[in-house]
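Here are my comments on the structure you sent, set out as numbered points so that you can follow each one on the display. Please read them with the sequence and the 3D view side by side.

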Amino acid sequence: MTFRNILVPIEDSALLPSMLQCAFLTAKRFSGSIEGMPVRRALLEVVAVGPDGFVGATAHLVEDFERDEATRAQRCKDKFVSFMGDHGVTLVEPLTAMDSVVASWNEQGAPGDAVVGNRGRLFDIIVVGRPARDTSTPRMSTLEAGLFDSGRPLLIAPPETPQALGETVVIAWNGSTETARTIAFADAFLRAAKKVVVLSVEGAMVPGPTGAELAQYLTRKGIAAEPKDILNPDKPAGEVMLREAMALGADLLVKGGYTQSRVRQMIFGGATSHILANAEMPVFMAH
């Protein structure tokens with residue numbers, strides 16, 4: 001698949017410039033259309049619930065909340081429009097078909113993260129920011145709504161705004177179904193890349209093809225890929241994947257999301273959790 005329709009669910013966070021840059025670089029490469037959409041908080045996310053389950057939201061509280069959300073959405077729109085203007089991107093109506101890079105703003109959507117998964121089904125890719133413990137960064141719930149509910153891949157923007165995207169692509173291969181599906185989604189990026197490396201870490205593989213076999217498969221498809229196996233890793237798999245990707249000069253890491261369950265990764269850790277918390281490059285992820 002190619003990436004002509006790009007959704008950016010927008011929160012007013014420190015990663016917004018990086019998110020918009022990732023969306024712009026993708027649209028520029030594939031002559032795509034970028035739609036910005038504010039992620040509105042639901043009232044229940046900020047109103048305390050009593051021990052009897054009763055929610056005490058007065059009319060005054062609701063009015064203040066709605067006014068605050070409208071202000072937040074307008075601030076997001078202003079930043080989105082300003083970025084597109086600075087990059088010479090024309091603003092059009094949502095989902096307008098064009099042969100050049102265009103952008104649109106869509107304020108239609110219910111509050112809560114579910115809208116990201118629902119709306120995202122109409123797009124080729126969803127651009128989100130990398131979550132972190134800092135409250136100024138996007139929420140994990142927004143990312144997970146896109147990852148699990150849209151049926152579409154995510155492009156996860158790093159904290160620092162990237163200057164290039166998809167020139168050198170590293171595939172974090174573990175033999176899993178999730179990663180195989182992610183690679184299929186990423187086909188257009190792989191074909192456009194100047195260099196593709198299939199990275200496998202000993203001890204992180206599940207039963208399935210080797211990295212060398214995957215590289216051969218990609219080469220048969222016309223994607224020149226080279227394998228790299230890390231034997232006897234000195235660190236956990238996620239840390240090794242990021243370290244090796246950085247050493248290879250990767251500006252895009254392709255990674256299947258959560259081969260282990262999310263609960264298990266929360267308790268014991270895992271490559272996906274480590275990458276979501278520490279990646280300093282854009283990450284292409286699907287489940």
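1. I begin with the aromatic side chains, and I note at once that this is a predicted model. The structure holds 7 aromatic pairs. One of them joins Phe189 and Phe284, whose ring centres are 6.0 Å apart and whose planes stand at 75°, so this pair is edge-to-face, the class for planes over 60 degrees apart. Because Phe189 lies in helix H6 (residues 187-192) and Phe284 in strand S11 (residues 283-286), the pair ties together parts that are 95 residues apart in sequence.

2. Are these two residues buried or exposed? Phe189 has a relative accessible area of 1% and is buried, and Phe284, at 0% relative accessibility, counts as buried too. Both values fall under the 20% limit that is used for buried residues.

3. The pair also belongs to a wider group, since Phe3, Phe30, Phe189 and Phe284 form one aromatic cluster. Phe3 is found in the segment before strand S1 (5-10), and with a relative accessible area of 0% it is buried. Phe3 also illustrates how the fold brings together distant parts of the chain: Phe3 and Ala186 are 183 residues apart in sequence, while their C-alpha atoms are 9.3 Å apart in space.

4. Turning to the sheet, I find 11 strands that form an open sheet with mixed pairing, in the order S3-S4-S2-S1-S5-S6-S11-S10-S7-S8-S9. The edge strands are S3 (90-91) and S9, each of which pairs on one side only. As general background, strands of a sheet pair through backbone hydrogen bonds, and they may do so in a parallel or an antiparallel way.

5. Which way do strand S6 and S11 run relative to each other, parallel or antiparallel? S6 (residues 154-157) and S11 run antiparallel and are joined by 3 bridges. Within this pairing, Leu155 has Phe284 in S11 as its bridge partner, so Phe284 takes part both in the sheet and in the aromatic pair with Phe189.

6. The pairing of strand S8 (residues 195-201) with strand S9 (residues 225-230) is parallel and contains 6 bridges. In this part of the sheet, Val197 stands opposite Glu226 in S9. The two strands are also part of a β-α-β unit, in which S8, helix H7 (residues 211-220) and S9 are combined with a right-handed crossover.

7. For the helices, please look at H8 (237-247) and H10 (residues 271-278), which pack at an angle of about 50° with their axes 7 Å apart. They are therefore oblique to each other, and their crossing is right-handed.

8. Finally, two backbone angles deserve a careful look, since each is positive in a residue other than glycine. Ser31, with a phi near 50°, is found in the loop between helix H1 (16-30) and strand S2 (33-38), and at a relative accessible area of 29% it is partly exposed. Asn232, with a phi of about 50°, has its place in the loop between S9 and helix H8, and its relative accessibility of 66% makes it exposed.

How values were computed:
Residues are numbered from 1 along each chain as its sequence is written. This is a predicted model: local features need pLDDT of at least 70, side-chain atom pairs count only at pLDDT 80 or more; totals for chains, interfaces and linings use all residues. Side-chain values use heavy atoms; hydrogens and water are left out. Two strands pair if DSSP finds at least two bridges between them. Helices (H or I, at least four residues) and strands (E, at least two) are DSSP runs, numbered from the N terminus. A crossover is right-handed if, with the strands pointing away from the viewer, the path from the first strand over the helix to the second runs clockwise. Buried means under 20% relative accessible area, exposed over 50%, partly exposed in between (1.4 Å probe, protein chains only). Rings of Phe, Tyr and Trp (its six-membered ring) pair if their centres lie within 6.5 Å; planes under 30 degrees apart count as stacked, over 60 as edge-to-face and the rest as tilted. Axes are lines fitted to C-alpha atoms, for helices over the stretch in contact, and angles run from 0 to 180 degrees between N-to-C directions. Angles under 35 degrees count as roughly parallel, over 145 as roughly antiparallel, 65 to 115 as roughly perpendicular and the rest as oblique. A crossing is left-handed if the near helix is turned anticlockwise from the far one by less than a right angle, and right-handed if clockwise.
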